[in-house]
Amino acid sequence: MNTHLDHRNPLVFDTHELGRRPGAMQRLARTVDAPKDFGIQGVIAVPEGAPVEIELRLESVMDGVLVTGTARASAEGECVRCLEPLDLEVDADFQEMFSYPDADDRGRVKAEPGDDAEDDEDRLFLEDGLFDLEPVLRDAVVLALPMQPVCQEDCEGLCSECGVRLSDHPGHHHDAVDIRWAALQGLAGTVQDGEKDEMSGAEAGVDEKQEK
């Protein structure tokens, strides 16, 4: 298999030092720039180019390399209750097997390439001893992020009447009008307007008589 992975990509890792000796282990640490759309779009995400600290343990096993790791980064978003911007430290743990391209499900070397494309669809493979961590890292970070981030657990959100942030204004409230009286208040207002119109008409009649 000819590799299409670029070893200069900071999220591409080389396993050649491990060899194919089951039990061999290697530890790696690397800080990389966050790729684009690294999070939950429109909700919370690690900004593109922000530092992501990665710690990996590579273990050689019969059918490939088992990669276990942790990623740490700072995500940005807004509170779903009060819409204030927020920062969140993210710790994402992950583990993934990168199989040798010539190994079957039991770790045995295949005599000839198989036609089990469907079985290979969900598997990740080493390519010339290299593997791309980005898809694994992206999935791990997305799963570690909250679907509904809040600035604080007891955030009270915004006032439904005026939009003020309730956490900043303890005791904030509006005088509520009982809906059973609202119609009567409207009727009372209509009656008062009608009385004013009648009074205005009567006064106009008196003025006309006086002028005559």
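Which residues have the most contacts inside the largest nonpolar core? In this predicted model, local features need pLDDT of at least 70 and side-chain atom pairs count only at pLDDT 80 or more, whereas totals for chains, interfaces and linings use all residues. Residues are numbered from 1 along each chain as its sequence is written, and side-chain values use heavy atoms, with hydrogens and water left out.

The largest nonpolar core (buried Ala, Val, Leu, Ile, Met, Phe, Trp, Tyr and Cys residues joined through side-chain atoms within 4.5 Å) has 37 residues, and V46, V52, V67, F94 and L133 have the most contacts inside it. Two or more residues come from each of β3, β4, β5, β6, β7 and α2; helices (H or I, at least four residues) and strands (E, at least two) are DSSP runs, numbered from the N terminus. L133 is in contact (heavy atoms within 4.5 Å) with L11, F13, I54, L56, V67 and F94, residues up to four places away in sequence not being counted.

Strand β5 (residues 51–61) has alternating side chains: V52, I54, L56, L58 and S60 point to one face and are buried (under 20% relative accessible area, with a 1.4 Å probe and protein chains only). P51, E53, E55, R57, E59 and V61 point to the other face and are not buried. Strand pairing requires that DSSP find at least two bridges. β5 runs antiparallel to β2 (residues 25–33), joined by 9 bridges, with D33 opposite P51. β5 also pairs with β6 (residues 64–78) in the antiparallel sense over 9 bridges, L58 having V67 as its bridge partner. These two strands, β5 and β6, form a hairpin with 2 residues between them.

Methods: Buried means under 20% relative accessible area, exposed over 50%, partly exposed in between (1.4 Å probe, protein chains only).
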